[in-house]
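Morning, everyone. Please bring up the model on your screens, and we'll walk through it together.

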Amino acid sequence: MLRSATSLAQRSRRGFSSSSASVFRQSSSANEWWSFLPILNITRGLPIVYHVNPKATVFRAIVDMVKMRSGSLIVSEGGKCAGIITERDILDKMPFEQGASRKIKVTELMTPRSELISANPSFTLDECVKVMEEGVFRHLPIMTGNDVKAVISMRDIAIHVASALSKAPMSEPLTVASLMEAKGGSGFLELSSTQSVAEAVLLMRQSRAGSVIVHDDTNGFGILTERDYLTKAAVYDEESPRDVCVADIMTQRSHVKSVAPTGRIDDCLSLMVAGGFRHLPVVTPDKQVVGLISMQDILHYFLGVGKE
């Protein structure tokens, strides 16, 4: 049976403290009209929905995702939705054997229609974020019956939150340190640049994380994300991840954007939206990594999706 987002949105969930969420909700930005309009009314037209045939190989799906710069594809045939495949599915379910993506069909890794969580076009931005938090995913199909109207991502929502913040800045800017405190700590995943990509992927799978900080004795540190894995390893599938060092595909320190604990959260969100990335290492003046914040962390904090 298809799961509707309505029931998920009504459940209680893990989240940031009610006091931190209230700070934002008391600001003018949080009460912008766009936060309560149907999600499709506040997007810039209908986001393009990219499709892949269920008989296609996972390799074909990966190539299409990279080419379209999309984190998901709707799996469909004859105009009927069969499910969705995302970059998280690739990271979580792809075997480590060389050439595996060329042998496995999309249907083996996708989230099937029977398990697909969707929302109807009347859902508001707030409700969409709550559903994503409950389901622990970043791509939400907006559907009417079997018709996929759009696939809303966390980035789509972030664009509109950042825009609202730029028009109505918070009276009391919140800092990265406040965000980490609200999260309950500064914990983040770490490994050495000499470890394998397979080890990094397993670590992200076990922790349901989207990135890991990589320590390099020569260059300080880098970061490996789901997108790095998709665009620099999975898309080629020429070697087993067990035989590839993290240093070969990570984002090197010279290209890593970072933020100080005193940085403003609204500035962080704007930086992520402009740069097209979702994770920011938190670095002290003496160049020590003390935390990691994600786009999802910021949106949950701002929109107050935690239990209040």
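Before the tour, one term: a residue is buried when its relative accessible area is under 20%. Keep that cut-off in mind. Let's use it straight away on helix 10, residues 226–234. Its buried residues are Glu226, Asp228, Tyr229, Leu230 and Ala234. What covers the buried residues of helix 10? The cover includes helix 3, helix 4, helix 9 (197–207), strand 11 (220–225) and helix 11 (246–249).

Now step back. This is a predicted model. The protein chain has 13 helices and 13 strands. It has 308 residues, and buried ones make up 53% of them. Take the contacts with a separation of 6 or more: 67% of those join residues 24 or more positions apart.

Stay with helix 4 for a moment, residues 87–93. Glu87 lies there. Is Glu87 buried or exposed? Its relative accessible area is 2%, so Glu87 is buried. Which residues does Glu87 contact, beyond its neighbours within four places in sequence? They are Met65, Gly71, Arg138, Glu226, Arg227, Leu230 and Arg278. Two names should sound familiar: Glu226 and Leu230 are among the buried residues of helix 10.

Next, the cores. In soluble globular proteins, nonpolar side chains tend to be buried together. Here, the largest nonpolar core has 42 residues. Leu140, Ile157, Leu269, Ile293, Ile298 and Phe302 touch the most other members. Which elements give two or more residues to this core? Helices first: helix 6, helix 7 (154–167), helix 8 (176–183), helix 12 (265–275) and helix 13. Then the strands: strand 7 (139–144), strand 8 (147–153) and strand 12 (279–283).

Zoom in on Ile298. Leave out residues up to four places away in sequence, and Ile298 touches Leu179, Ile265, Cys268, Leu269, Met272 and Ile293. Apart from this core lies another, of 37 residues. Its members include Ala61, Leu109, Leu191 and Val197.

On to helix packing. Two packed helices are described by the angle between their axes and the distance between the axes.

Pair one is helix 7 with helix 12. They pack at an angle of about 130°, with their axes 9 Å apart. Helix 7 and helix 12 are therefore oblique to each other. The crossing is left-handed. From helix 7 come Arg155, Ala158, Ile159, Val161, Ala162 and Leu165. They meet Asp266, Leu269, Ser270, Met272 and Val273 in helix 12. By class, this contact has eight nonpolar residues, one polar and two charged. Leu269 and Met272 have come up before: both touch Ile298.

Pair two is helix 6, residues 125–135, with helix 13, residues 295–303. The angle is about 130° here, and the axes lie 11 Å apart. Helix 6 and helix 13 are therefore oblique to each other. This crossing is left-handed too. Leu125, Asp126, Val129, Met132 and Glu133 in helix 6 meet Gln296, His300 and Leu303 in helix 13. Those contact residues divide into four nonpolar, two polar and two charged.

How does helix 6 look for burial? Its buried residues are Leu125, Asp126, Cys128, Val129, Val131, Met132 and Glu133.

Now follow the chain just past helix 6, to Val136. Val136 sits in the loop between helix 6 and strand 7. Most residues other than glycine have a negative phi, and most peptide bonds are trans. Val136 has a positive phi, about 55°, although it is not a glycine. At 45% relative accessibility, Val136 counts as partly exposed.

There is another residue to show for phi: Arg69. It is not a glycine, yet it has a positive phi of about 55°. Where is Arg69? Look in the loop between helix 3 (58–68) and strand 3 (72–77). Arg69 is exposed, with a relative accessible area of 72%.

Last stop: Gly187. It is in the loop between helix 8 and strand 9 (190–192). Gly187 is exposed, with a relative accessible area of 65%. Which partner should you look for? Gly291. In sequence, Gly187 and Gly291 are 104 residues apart. In space, they are 6.3 Å apart, C-alpha to C-alpha.

That's the tour. Thanks for listening.

Terms used:
Residues are numbered from 1 along each chain as its sequence is written. This is a predicted model: local features need pLDDT of at least 70, side-chain atom pairs count only at pLDDT 80 or more; totals for chains, interfaces and linings use all residues. Side-chain values use heavy atoms; hydrogens and water are left out. Axes are lines fitted to C-alpha atoms, for helices over the stretch in contact, and angles run from 0 to 180 degrees between N-to-C directions. Helices (H or I, at least four residues) and strands (E, at least two) are DSSP runs, numbered from the N terminus. Angles under 35 degrees count as roughly parallel, over 145 as roughly antiparallel, 65 to 115 as roughly perpendicular and the rest as oblique. A crossing is left-handed if the near helix is turned anticlockwise from the far one by less than a right angle, and right-handed if clockwise. Contact means heavy atoms within 4.5 Å. Ala, Val, Leu, Ile, Met, Phe, Trp, Tyr, Cys and Pro count as nonpolar, Asp, Glu, Lys and Arg as charged, and the others, Gly among them, as polar. A nonpolar core is a set of buried Ala, Val, Leu, Ile, Met, Phe, Trp, Tyr and Cys residues joined through side-chain atoms within 4.5 Å. Buried means under 20% relative accessible area, exposed over 50%, partly exposed in between (1.4 Å probe, protein chains only).
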